[in-house]
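Visitor: Could you take me through one part of this protein up close? I'd like the helix pair and the strands around it, with the rest as backdrop.

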Amino acid sequence: MDEVLAAAQAVDWSGLGARSLCAACLGRLFGKLGHGHTNAERGRAVRARATVPEGPCWLCAGLLDEVDALAALAARKLEPFEFDTFLIGSKVDPEVAAREESLWKDLALTHPEPVKAELNREIGKRVAVITGKEPDLGDPDVVGIVDPAFGHVAVQVNPLFLRGRYRKLVRGIPQTRWPCRRCRGKGCERCGGTGKMYPTSVEEVIAAEVMREAGGTGHALHGMGREDVDARMLGRGRPFILEVKEPRRRHVDRAAAVARINASGTVEVDGLEPVRGRAVAALKEDRATKSYRILVRLAPPVDEANLKRELVFLLAQSIAQRTPSRVAHRRADTTRHRRLHALELVRVDGDLAEFRVTAEAGTYIKELVHGDDGRTRPSLAERLGVGCEVLELDVLDVHDGG
Ligand SMILES: [Zn+2]
Ligand SMILES: [Zn+2]
């Protein structure tokens with residue numbers, strides 16, 4: 001407290017005039033000096049030495065007497081949501097902030113603290129006591145924004161993020177909900193009023209079961225890349241993070257949700273672990289090598305020795321891939337170079353051939369096979385000089401090191 005008193009001694013209090021201050025507002029003028037005291041304690045110590053008019057507070061007009069009531073209100077508003085960490089913010093009347101700054105100038109203060117910081121801290125301390133939860137400035141589960149002028153608390157509930165790996169056991173469902181191209185989600189004849197191109201998706205199967213546990217108002221699925229709608233996702237599965245918006249509960253029965261997802265017959269997950277939101281950005285960087293199984297129809301058929309020779313050739317090449325015609329409507333037309341890490345023939349049966357390929361992230365596998373009218377070079381079709389139709393494509397592994 002010595003630091004505070006020394007600073008108070010140096011102030012020319014005549015600059016205050018007739019303006020009276022409450023203990024908290026007086027102490028806050030030295031709020032960044034001394035540790036382990038509330039501003040009200042600082043204020044009482046300063047008042048014992050300096051002549052500061054008492055009376056209704058000119059600065060906060062009694063606002064700081066309301067922190068108990070505001071904290072109780074904030075705790076009540078947060079109550080419907082399960083959370084471990086929270087943050088309190090507040091709206092300060094611009095006139096109060098302006099009065100405060102004029103006072104700092106009039107008294108030539110060097111270490112004052114703004115009223116907003118005190119409100120946030122004092123309400124936050126009380127909310128922690130009432131709820132038994134931890135304040136967290138960085139990444140809180142919930143945020144309460146207190147507006148003292150209207151006695152209102154706005155609650156912002158941050159999403160719940162769960163990380164896992166999924167397997168897609170069937171062809172024909174997309175990774176994420178895909179709005180109908182014609183009606184853009186409103187519902188029309190084409191989509192039978194569903195607003196969707198496909199009746200379900202990996203995202204919807206997983207989210208439905210998680211939201212039965214967590215509640216929430218919406219969802220998003222962030223995948224480490226995505227497979228084509230007609231490709232299965234097998235092996236260890238693809239890493240993903242499910243985001244549940246505005247969850248009511250966070251400590252959910254994840255095992256029960258996993259069991260129900262795995263009983264769907266379409267999608268399986270290997271577990272769901274809570275992660276922080278910042279994990280999404282790392283996941284989306286997706287530089288993972290992937291392995292695939294491809295079933296190809298060769299027209300006309302090619303003998304095994306010829307096939308194997310061309311696979312060896314392709315494996316040694318850098319594959320130049322111009323943006324495929326099937327995605328050209330939504331991606332810039334560029335040419336990228338990709339390498340294959342492995343390429344082997346599994347079997348040949350008449351005009352059918354099955355391959356396994358391991359390729360750098362971002363390789364277009366179907367185009368590697370059929371050549372996309374020369375947009376991918378070299379391709380299997382170009383090397384063999386025959387038509388190559390991709391009948392089946394499965395992702396066998398995402399080598400993400402996890
Ligand atoms: Zn005051
Ligand atoms: Zn539609």
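Guide: Here is the overall picture, followed by the helix pair and then the strands.

Bear in mind that this is a predicted model, where local features need pLDDT of at least 70, side-chain atom pairs count only at pLDDT 80 or more, and totals for chains, interfaces and linings use all residues. Residues are numbered from 1 along each chain as its sequence is written, while chains are lettered from A and ligands numbered from 1 in the order in which they are written.

The backdrop first. The protein has 12 helices and 15 strands; helices (H or I, at least four residues) and strands (E, at least two) are DSSP runs, numbered from the N terminus. Its radius of gyration is 32 Å, well over the 21 Å that the globule rule gives for 402 residues, so the protein is more spread out than a compact globule. That radius is taken over C-alpha atoms, and the rule is 2.2 Å times the number of residues to the power 0.38. Along the principal axes, the C-alpha atoms fill a box of roughly 100 × 40 × 40 Å. Of the 402 residues, 33% are buried (20 or more other C-beta atoms within 10 Å of a residue's own; 12 or fewer is exposed, in between is partly exposed, with C-beta atoms placed from the backbone).

Now the close-up. Two packed helices are described by the angle between their axes and the distance between the axes. Helix α7 (residues 202–214) packs with helix α8 (residues 254–262) at an angle of about 145°, their axes being 9 Å apart. Axes here are lines fitted to C-alpha atoms, for helices over the stretch in contact, and angles run from 0 to 180 degrees between N-to-C directions. From α7 come Val205, Ile206, Glu209, Val210 and Glu213, and they meet Ala256, Ala257, Arg260 and Ile261 of α8; contact means that C-beta atoms, placed from the backbone, lie within 7 Å. That set holds six nonpolar residues, no polar ones and three charged ones (nonpolar is Ala, Val, Leu, Ile, Met, Phe, Trp, Tyr, Cys and Pro; charged is Asp, Glu, Lys and Arg; polar is the others, Gly among them).

Asn262 also belongs to α8. It counts as partly exposed, because it has 15 C-beta neighbours inside 10 Å. Leaving aside neighbours within four places in sequence, Asn262 is in contact with Glu268 and Val269.

On to strand β7 (residues 232–245), which pairs with strand β5 (residues 160–168) in the antiparallel sense over eight bridges; strands count as paired if DSSP finds at least two bridges between them. One of the matches puts Tyr166 with Arg238 in β7. Strand β6 (residues 218–223) is also antiparallel to β7, over six bridges, and Gly223 has Phe240 of β7 as its bridge partner. With strand β15 (residues 387–399), β7 runs parallel, joined by two bridges; there Met233 is partnered by Val395 in β15.

Elsewhere, an open sheet of four strands goes in the order β2-β1-β3-β4, with mixed pairing. Its edge strands are β2 (134–135) and β4 (152–157), each pairing on one side only. Helix α4 (residues 67–78) packs on this sheet, touching β1 (85–90), β3 and β4, with its direction at about 140° to that of β3. Helix α6 (residues 115–131) lies across β1, β2 and β3, running at about 145° to β1.

Note on methods. Two residues are in contact if their C-beta atoms, placed from the backbone, lie within 7 Å.
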